[in-house]
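Student: I am new to this structure and would like a close look at one part of it. Could you walk me through the strands, how they pair, and the charged side chains around them?

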Amino acid sequence: MYKTLRRYFLLLFLFIFVNFSMPAVDMFQNIVPKASAAQNTEEGIFTKIYERITPAIVAIDAQLDEGVSSGTGCVIDSKGAILTSSHVISKAKNIEVTTANGQSYKGEVVAVLKDKNDLAIIKINPKNPLPVISFGNSENIKVGQRVLAIGNPFGFRGTLTTGIISRIDYQRKKIQTDAAINPGCSGGPLLNLDGEVIGINQSIYNPDNNRSNIGIGFAVPVNYAKDFISLTKSKMASAGTSRRR
């Protein structure tokens with residue numbers, strides 16, 4: 001009798017374990033891959049954007065009387081037109097531009113936007129056509145959306161950082177972000193997750209004169225840059241027409 005009962009309870013235990021424990025194990029096995037897949041998806045997006053955009057990003061070193069001003073630039077034309085921040089090349093005696101493949105060229109200033117938007121266009125003469133950036137629409141941006149920044153902080157070329165849009169300062173016409181922006185990043189792109197440039201990185205907030213990033217950076221909304229580029233092209237076309245007459 002005792003052996004029969006013990007065998008009965010043993011079989012009952014095995015039945016409960018098989019029918020109730022196994023689904024729980026399967027459930028956890030299903031959850032882990034999903035979380036991992038979600039992570040890999042975001043990482044994959046960042047990687048694809050970086051690989052696609054970085055060839056269109058250049059490093060800029062401008063020789064000044066007091067030293068070197070370093071920054072970043074975005075190629076906007078395959079023939080060598082580059083968008084950057086005007087404070088990077090202001091009063092430069094000589095401008096050296098290094099493309100993503102390591103080739104260096106002499107840069108010439110084409111146009112400077114003389115207002116608080118701090119933008120400039122320089123030109124190089126590359127040996128081969130250059131990859132170019134894609135423009136987004138800064139009117140569609142929202143606080144909280146994910147963004148990426150690519151630049152050359154402290155000379156570390158092709159550095160990628162990520163963050164969000166922390167605030168949109170409509171009065172000062174600035175996009176605030178916590179994506180790390182440091183000296184050398186000025187003129188580089190602020191990107192959405194479609195790989196489109198939505199801002200041109202400009203400055204950081206440093207109340208204690210600390211040169212490094214404290215999580216408050218600013219970019220010029222790209223629509224102002226697009227207007228500047230269109231105006232510059234129109235002026236250059238008009239000048240070309242006048243010379244031919």
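Tutor: Here is a walk through the strands, with a short stop at the whole chain before the details.

Please keep in mind that this is a predicted model. The chain has 245 residues, and 40% of them count as buried. Its secondary structure comes to three helices and 13 strands, so strands are a good place to begin. Among contacts between residues at least 6 apart in sequence, 61% join residues at least 24 apart. On the outside, the chain exposes about 14600 Å², with carbon and sulfur atoms supplying 56% of that area.

Let us start with the open sheet. Seven strands form it, in the order S5-S4-S1-S2-S3-S7-S6, and their pairing is antiparallel. Strand S5 (104–106) and strand S6 (108–113) stand at the edges; each has a single partner strand, so one side of each is left without a neighbour in the sheet. Neighbouring strands of this sheet are turned by 30 degrees against each other on average, direction ignored. As background, strands of a sheet pair through backbone hydrogen bonds, either parallel or antiparallel.

Now look at one pair within that order. Strand S1 (residues 57–64) runs antiparallel to strand S2 (residues 67–75), and eight bridges join them. You can find one of the pairings at Leu-64, whose bridge partner in S2 is Gly-67.

Next, move along the chain to strand S13 (residues 217–221). Five of its five residues are buried, so S13 is largely enclosed by the rest of the structure. Two pairings of S13 are worth tracing. Strand S12 (residues 197–204) runs antiparallel to S13, with five bridges between them; here Ile-204 stands opposite Gly-217. Strand S10 (residues 174–177) also pairs with S13 in the antiparallel sense, over three bridges, and there Gln-176 has Phe-218 as its bridge partner.

With the strands in view, we can turn to charge. Side chains of opposite charge can pair when their charged atoms come close. The count for this model comes to six salt bridges.

One of them takes us back to S1: the side chains of Asp-61 and Arg-157 meet in a salt bridge, at 3.8 Å from N to O. This pair links distant parts of the chain, 96 residues apart, with Asp-61 in strand S1 and Arg-157 in the loop between strand S8 (146–151) and strand S9 (159–169). Arg-157 has 49% relative accessibility and counts as partly exposed.

Another salt bridge joins Glu-108 and Lys-106, with the closest N and O atoms 3.8 Å apart. Lys-106 is exposed, at a relative accessible area of 55%, while Glu-108 is partly exposed, at 45%. You can place both by their numbers: the range of S5 ends at 106, and that of S6 begins at 108.

For a last stop, find Arg-172 and Asp-169, which form a salt bridge with their closest N and O atoms 3.2 Å apart. Arg-172 is exposed, with a relative accessible area of 55%, whereas Asp-169 counts as buried, at 6% relative accessibility. Arg-167 belongs to the picture too: Arg-167, Asp-169 and Arg-172 are linked in a network of salt bridges.

Methods:
Residues numbered from 1 in each chain as written. Predicted model: local features only at pLDDT ≥ 70, side-chain atom pairs only at ≥ 80, totals over all residues. Heavy atoms only, no water. Helix = DSSP H or I, 4+ residues; strand = E, 2+ residues; numbered from the N terminus. Buried < 20%, exposed > 50% of the residue type's maximum accessible area, 1.4 Å probe, protein only. Contact = heavy atoms within 4.5 Å. Areas by Shrake-Rupley, 256 points an atom, 1.4 Å probe, with all protein chains shown as cover. Pairing = 2+ DSSP bridges. Axes fitted to C-alpha atoms, helices over the stretch in contact; angles between N-to-C directions. Salt bridge = Lys/Arg side-chain N within 4 Å of Asp/Glu carboxyl O.
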